Amino acid sequence: MTTSPRQTVLQLQKEASGEVKSIMDQFYTELKNQTPVDTGRARSNWRRYRDVNIGRGEKQEVISNSVPYIQRLDEGYSKQAPAGIVNPAWEKANKRGK
């Protein structure tokens, strides 16, 4: 069965999109897992927003945490996560996605 170049490109885009989604799912999970727990507020405050309009019709996914001390935690303030949160979470998610 022969496929057109357009069908091939669409299939590749679909597969790439699925891989990105899988890595982002894993990243979100790892962010929660890497977040130190004292009261649980920082860990439970991770939010994920999909299809955020960033202008010119472009959309992306945004993951955020609005607790005021999240940056300190990400800088290694907690003994539970001396390497921070975001970089270790991304490394783990990226390894699993390969």
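**Reading a salt-bridge network and its surroundings**

Tutor: A network of salt bridges links Asp25, Arg48, Arg50 and Glu61. The model is predicted, and every value discussed here is computed from it.

Student: How many salt bridges does the count come to?

Tutor: The count comes to three salt bridges. Arginine 48 forms one of them with aspartate 25, and the closest N and O atoms are 2.6 Å apart. Arginine 48 lies in strand 1 and aspartate 25 in helix 1, so this pair ties together parts that are 23 residues apart in sequence.

Student: With which arginine does aspartate 25 form a further salt bridge?

Tutor: Aspartate 25 also forms a salt bridge with arginine 50, where the closest N and O atoms are 3.7 Å apart. This pair links distant parts of the chain, with aspartate 25 in helix 1 and arginine 50 in strand 1, 25 residues apart. The cut-off for such a bridge is 4 Å, and the 3.7 Å separation of aspartate 25 and arginine 50 is therefore accepted under that rule.

Student: What is the acidic partner of arginine 48 in strand 2?

Tutor: Arginine 48 forms a salt bridge with glutamate 61, its closest N and O atoms being 2.3 Å apart. That pair, too, links distant parts of the chain: arginine 48 is in strand 1 and glutamate 61 in strand 2, 13 residues apart.

Student: Why does arginine 48 count as buried?

Tutor: The class depends on relative accessible area: buried means under 20%. Arginine 48 has 19% relative accessibility, so this residue counts as buried. Its partners are classed otherwise: aspartate 25, at 24%, counts as partly exposed, and glutamate 61 is partly exposed with 25%. Arginine 50 is partly exposed as well, with a relative accessible area of 46%.

Student: How do strand 1 and strand 2 run, and how many bridges join them?

Tutor: As a general idea, side chains in a regular strand alternate between the two faces of the sheet. In this structure, strand 1 (residues 46–55) and strand 2 (residues 58–65) run antiparallel and are joined by seven bridges. Arginine 48 has isoleucine 63 as its bridge partner in strand 2. The hairpin has two residues between the strands, and arginine 56 takes a positive phi near 55 degrees there.

Student: Where does aspartate 51 lie, and is this residue buried or exposed?

Tutor: Aspartate 51 lies in strand 1. The threshold for the exposed class is over 50%, and aspartate 51, at 58% relative accessibility, therefore counts as exposed. Leaving out residues up to four places away in sequence, aspartate 51 touches Lys59 and Gln60. Aspartate 51 and glutamate 61 are ten residues apart in sequence, with 5.6 Å between their C-alpha atoms.

Student: How many aromatic pairs does the structure hold?

Tutor: The structure holds one aromatic pair. Phenylalanine 27 and tryptophan 90 form this edge-to-face pair, with 5.1 Å centre to centre and 90 degrees between the planes. Phenylalanine 27 lies in helix 1 and tryptophan 90 in helix 4 (residues 86–97), so the pair ties together parts 63 residues apart in sequence. Phenylalanine 27 is buried, with a relative accessible area of 11%, whereas tryptophan 90 is partly exposed at 35%.

Student: Over which ring does the charged end of arginine 72 sit?

Tutor: The charged end of arginine 72 sits over the ring of tyrosine 77, at 3.7 Å from the ring centre.

Student: How should one read a loop residue, and where does valine 37 lie?

Tutor: One may place the residue between its flanking elements and then list its contacts. Valine 37 lies in the loop between helix 1 (5–34) and helix 2 (41–44). This valine is partly exposed, with a relative accessible area of 33%. Leaving aside neighbours within four places in sequence, valine 37 is in contact with Arg43 and Gln80. Valine 37 and serine 78 are 41 residues apart in sequence and 9.2 Å apart in space, C-alpha to C-alpha.

Student: Which element has the lowest mean pLDDT, and which the highest?

Tutor: Where pLDDT is low, the predicted coordinates should not be read in detail. The protein has a mean pLDDT of 86, and 83% of its residues reach 70 or more. Among its elements, helix 1 has the lowest mean pLDDT (80) and helix 2 the highest (97).

Key
Residues are numbered from 1 along each chain as its sequence is written. Side-chain values use heavy atoms; hydrogens and water are left out. Helices (H or I, at least four residues) and strands (E, at least two) are DSSP runs, numbered from the N terminus. Buried means under 20% relative accessible area, exposed over 50%, partly exposed in between (1.4 Å probe, protein chains only). Contact means heavy atoms within 4.5 Å. Rings of Phe, Tyr and Trp (its six-membered ring) pair if their centres lie within 6.5 Å; planes under 30 degrees apart count as stacked, over 60 as edge-to-face and the rest as tilted. A charge sits over a ring if NZ of Lys or CZ of Arg is within 6 Å of the ring centre and within 35 degrees of the ring normal. Two strands pair if DSSP finds at least two bridges between them. pLDDT is the predictor's confidence in each residue, from 0 to 100. A salt bridge is a side-chain nitrogen of Lys or Arg within 4 Å of a carboxyl oxygen of Asp or Glu.
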